[in-house]
Every structure is written in C-alpha cells, then in structure tokens.
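Biologist: I have a structure open and want to learn to read it. Can you take me through it feature by feature?

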There are 2 protein chains.
Amino acid sequence: MLNASPDIRQQLFDTAALRPKGAARHSPVQGIVLTNGDIDHVAGLLSLRERQPFGVFATPATLKLIEANSIFRVLDRACVAMKALQHGQTIEPGFGLRLTPFFVPGKVPLHEETGAVEIGAETEATLGLEIEAGGARFVYIPGCARISEEVRERVGGADLLLFDGTTYTDDEMVRLGLSQKTAWRMGHMAISGEDGSLAAFNGIDVGRRVYTHINNTNPILIEGSRERRSVEQAGWDVAYDGMEIVL
Amino acid sequence: MLNASPDIRQQLFDTAALRPKGAARHSPVQGIVLTNGDIDHVAGLLSLRERQPFGVFATPATLKLIEANSIFRVLDRACVAMKALQHGQTIEPGFGLRLTPFFVPGKVPLHEETGAVEIGAETEATLGLEIEAGGARFVYIPGCARISEEVRERVGGADLLLFDGTTYTDDEMVRLGLSQKTAWRMGHMAISGEDGSLAAFNGIDVGRRVYTHINNTNPILIEGSRERRSVEQAGWDVAYDGMEIVL
C-alpha cells in the first residue's frame with residue numbers, strides 16, 4: 001500500500017507487479033510481517049505454499065505459535081525464512097525499506113486465550129510498524145486497544161498513518177446480535193466516543209490518516225453515512241481494497 | 001453438489017440457499033465432512049467462525065490433527081461439534097442423507113509427513129464417501145492413490161461418481177518445473193496411462209462419472225484439448241465451480 005518511491009512502486013506495488021512474472025506461479029510477495037497471531041493475520045500464509053522464497057517477520061511469541069501449529073509446515077523451511085522481530089529494533093528487509101516494530105496495547109490471539117484475558121497490555125502479541133523509505137515515514141497499526149504514549153510518539157510527524165478502524169462504537173457487534181464481545185474485549189479501540197481513536201489523534205500532526213482493518217459492521221463503510229462524514233470531517237480516509245497511496 | 005431430491009435441493013444446494021437467511025451472517029453450511037487433513041481440505045474451517053452451529057465429521061486421526069493445531073480453537077466448541085467417523089459405519093447427519101465413509105489408498109497430510117512416507121495405504125488418512133438419499137447413491141473420492149478392491153465395489157452400480165482428477169499424467173508437475181513430486185507421491189493416481197483412473201473405471205457400471213479436485217496443470221481443464229476429449233469420449237464430465245447435479 002505504501003509507494004515510497006517510483007522504484008519501489010515499480011518493483012512491488014503497481015497492478016502489473018501483481019501478475020505472475022518469470023516462473024509459473026510466481027508471486028510478488030517477498031516478505032510478510034505479522035502484526036499479531038489472529039486468524040485474519042496468519043491464515044493467508046497457508047495460501048503461499050508454491051515453494052517461492054520469502055521471509056516471515058514476527059515477534060518470537062507469534063513465531064512460536066506458527067511453529068506450534070503443524071499445518072504451517074506446508075511452508076517449506078528450505079524456502080521460507082522465519083525471522084524474529086524485537087521491540088524497537090529496526091530491520092532492513094530490502095527494497096530500501098527500514099522497518100521498526102513496536103508493541104502496542106492489544107491481547108493474545110483468540111485461539112490462545114485461556115482463563116482471564118488481559119486486554120491492553122503492551123506485549124509481543126500485538127505490533128505496530130514504523131516503515132521508512134525514500135525519506136517518507138509511514139506508521140501501520142491495524143489493531144490497538146488504546147493509545148499508549150509510545151503510539152502517540154511514533155505517530156507524531158509521520159507522513160501517513162494507517163490505523164485500527166475495526167468498529168465505530170465499542171458495543172456495535174453486541175447491539176447487532178453478532179457477538180457478545182465489545183471492541184475492547186477483542187483488543188480494539190472504537191473510532192467514536194471520548195476514548196475513541198478519532199478524539200485521541202485529534203491535533204496530532206500526521207500527513208495523511210486512514211482507517212483500515214474495518215469490520216463489516218462499521219457504518220463508516222457506507223458512503224454518505226453520518227459516521228462516514230464524521231471521520232471524513234476529522235480528516236480521515238477510509239481504506240478500500242486495491243487502495244494505492246503514494247508518498 | 002448432490003441434489004438428491006427437490007426437498008434437499010431447496011434446503012441446501014440451490015443458489016438462493018447460499019445467501020444468508022434469517023440471522024445476519026447466516027451460513028447454509030450445517031455439516032462438513034473432511035476426507036483428509038491436507039490444507040485444501042481443512043483450511044476452509046478457519047472461515048467458518050461466526051458462531052453458527054455446525055458439525056465436523058472426520059476420522060479420529062484427522063480430528064486429532066484439528067485438536068492439535070490451536071488455530072482451530074477459533075471454532076468455538078460450544079457451537080461446533082466434532083464427530084468421529086469410522087470405516088464402513090453409516091451415519092445419518094440429517095436432511096435424509098445416509099453417509100458411509102470408507103478408507104481409500106492415500107497418505108498422511110503433507111504437514112504431518114516425517115521421514116519415509118508410505119503411499120497407497122488404506123488408513124484413516126484418506127476417506128471416500130458413499131452418500132445415499134431419496135433412493136440415489138453417490139460416491140465421492142477426491143483423493144485416491146490407486147483403485148482398491150473396496151473402491152471398485154463401492155463405485156459399482158452408483159448413480160454418480162465424483163473422482164480424483166488431480167493430474168492427467170503422473171509426472172505433469174515435474175515436467176512443468178512446478179514440483180519435484182509426481183501425482184503418486186502426493187497420494188493421487190493420474191487419469192491417463194495403464195495405471196490411470198480412466199482405464200481402471202472402464203467398464204464399471206456408474207450412472208454418471210465426473211472428475212473433480214482438478215489441479216491447474218491438468219489439461220482436461222482446457223476445453224477442446226486432446227486430453228479433455230479423451231475423458232469426454234470415455235464418458236466423464238469435468239467438474240466446474242458452481243456445478244449442480246440432480247439425481
């Protein structure tokens with residue numbers, strides 16, 4: 001989604017680059033960063049088993065989960081390198097990118113929950129990413145239970161923020177009868193309200209702010225809705241499939 | 001795929017039945033039978049986590065694999081019942097269906113392979129299904145390494161056979177440079193050749209015969225190809241997405 005320079009754009013992100021090139025079954029995916037271990041973040045790995053080399057970057061806790069689930073052995077370790085990320089340690093995965101992972105308030109993946117679940121701790125379970133290339137800086141936080149001091153500092157001054165837009169209101173899935181869980185219980189902060197992300201990022205200096213990871217119950221997906229207008233009026237965009245952003 | 005009677009068709013299989021009905025996020029899927037534990041047979045479970053009740057039917061070996069992989073805990077056991085299938089034991093899962101699983105020659109799933117792998121053993125790893133409803137009998141065998149005596153007997157006299165059409169020739173993926181494995185090594189028998197399924201089922205009495213589980217290297221997918229004509233001339237159909245069969 002980040003097009004930091006024409007070169008990177010050419011290599012990684014434009015439509016033509018998404019078609020197979022060279023060998024049959026070629027994929028342009030050369031690296032994957034897992035920001036947590038939930039199904040919507042890890043299940044896609046099961047579709048990447050065509051023996052093309054790529055790297056999987058994640059915290060030791062998330063890599064342990066991948067190792068513990070035998071079905072991920074379909075990723076042949078002769079082709080797929082598992083690489084550990086550490087809080088605050090910058091890596092250079094290639095393509096001129098610098099990537100700095102940092103813990104954000106979250107929770108363990110649903111399938112690893114046992115007994116009482118702590119929500120909002122800053123642990124290896126949930127990452128934000130600071131990505132720099134060609135002089136631009138982008139912060140990616142698809143899941144976040146609350147705005148920590150570190151989140152505020154990393155986001156400040158970024159050229160682009162992609163942030164957790166799971167729900168508009170904390171109890172939206174409960175009210176619709178779809179779940180007994182609030183957004184907070186799932187490790188997400190709602191957009192609206194006193195404790196919501198709209199208020200929390202108000203006044204923070206960011207070049208462009210975009211909601212992503214949007215649940216299908218979130219009314220910001222409906223163009224012209226009151227909720228959509230409220231985020232647009234606050235300067236936010238709503239991400240969509242195939243969105244391209246050039247910095 | 002099987003429309004055994006207008007009633008069942010109405011309940012389960014026509015296009016309208018595939019749209020959500022009643023509650024939001026309703027799915028018409030009320031039961032799933034796993035014929036083996038490979039990714040293409042089990043990963044779909046990860047998309048069925050909307051807390052709607054359904055049953056998962058599989059051999060103890062395949063259920064053990066599901067239990068051992070923690071990511072399948074997203075299927076809340078309060079909603080999803082895991083039910084063991086035994087070789088040759090008929091169950092009645094509802095909708096007027098009678099279902100009899102039977103071992104077919106196969107192999108353990110790729111992700112469970114360790115050391116030397118035995119191909120073609122008749123074990124809990126790979127199932128065929130005999131499904132009866134409304135007086136019709138359908139045999140479903142999406143993976144099969146060779147035609148055993150039991151396969152031949154179950155298939156004989158069936159109104160419909162859906163059979164493993166993974167590859168046309170045993171070495172097709174090797175020749176294309178896509179894999180170092182033959183179809184046999186992956187637990188499948190090729191369609192063509194002396195040991196192929198086309199020859200093996202020649203002369204067996206079946207109402208309708210359809211190749212399914214077709215790999216994207218298989219030239220029977222190309223309309224008008226020599227290979228497509230060879231299976232059509234032998235009385236086989238080639239399955240396609242959305243295919244409906246009324247018996």
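Modeller: Start with one strand pair. β2(A) and strand β3 (residues 54-58) of chain A pair in the parallel sense over 3 bridges. Strands (E, at least two residues) and helices (H or I, at least four residues) are DSSP runs, numbered from the N terminus. Two strands pair if DSSP finds at least two bridges between them. One bridge here joins A:Gly31 to its partner A:Gly55 in β3(A).

Biologist: What should I know about the model and its numbering?

Modeller: This is a predicted model: local features need pLDDT of at least 70, side-chain atom pairs count only at pLDDT 80 or more, and totals for chains, interfaces and linings use all residues. Residues are numbered from 1 along each chain as its sequence is written, while chains are lettered from A and ligands numbered from 1 in the order in which they are written.

Biologist: What is the strand order in the sheet of chain A?

Modeller: The order is β2-β3-β4, in an open sheet of 3 strands with parallel pairing. β2 (31-33) and β4 (80-84) of chain A are the edge strands, each pairing on one side only. From one strand to the next, the twist averages 20°. Angles run from 0 to 180 degrees between N-to-C directions, and axes are lines fitted to C-alpha atoms, for helices over the stretch in contact.

Biologist: Which strands does helix α3 of chain A touch?

Modeller: Helix α3 (residues 60-68) packs on the sheet and touches β3 and β4 of chain A. Its direction makes about 145° with that of β4(A). Contact means that C-beta atoms, placed from the backbone, lie within 7 Å.

Biologist: Is B:Gly31 buried or exposed?

Modeller: Count neighbours. Buried needs 20 or more other C-beta atoms within 10 Å of the residue's own, exposed 12 or fewer, and partly exposed is in between. B:Gly31 has 18 C-beta neighbours inside 10 Å, so it counts as partly exposed. B:Gly31 lies in strand β2 (residues 31-33) of chain B. Leaving out residues up to four places away in sequence, B:Gly31 touches B:Phe54, B:Gly55, B:Phe57 and B:Pro93.

Biologist: How are chain A and chain B related?

Modeller: Two copies of a chain are related by a rotation about an axis and a shift along it. Here a turn of 180° and a shift of 0.0 Å along the axis lay chain A on chain B with an RMSD of 0.0 Å. That is the relation of a two-fold axis. The superposition is by least squares on C-alpha atoms of residues with pLDDT of at least 70 in both copies.

Biologist: How many residues are in contact between the chains?

Modeller: 16 residues of chain A contact 16 residues of chain B.

Key: Two residues are in contact if their C-beta atoms, placed from the backbone, lie within 7 Å.
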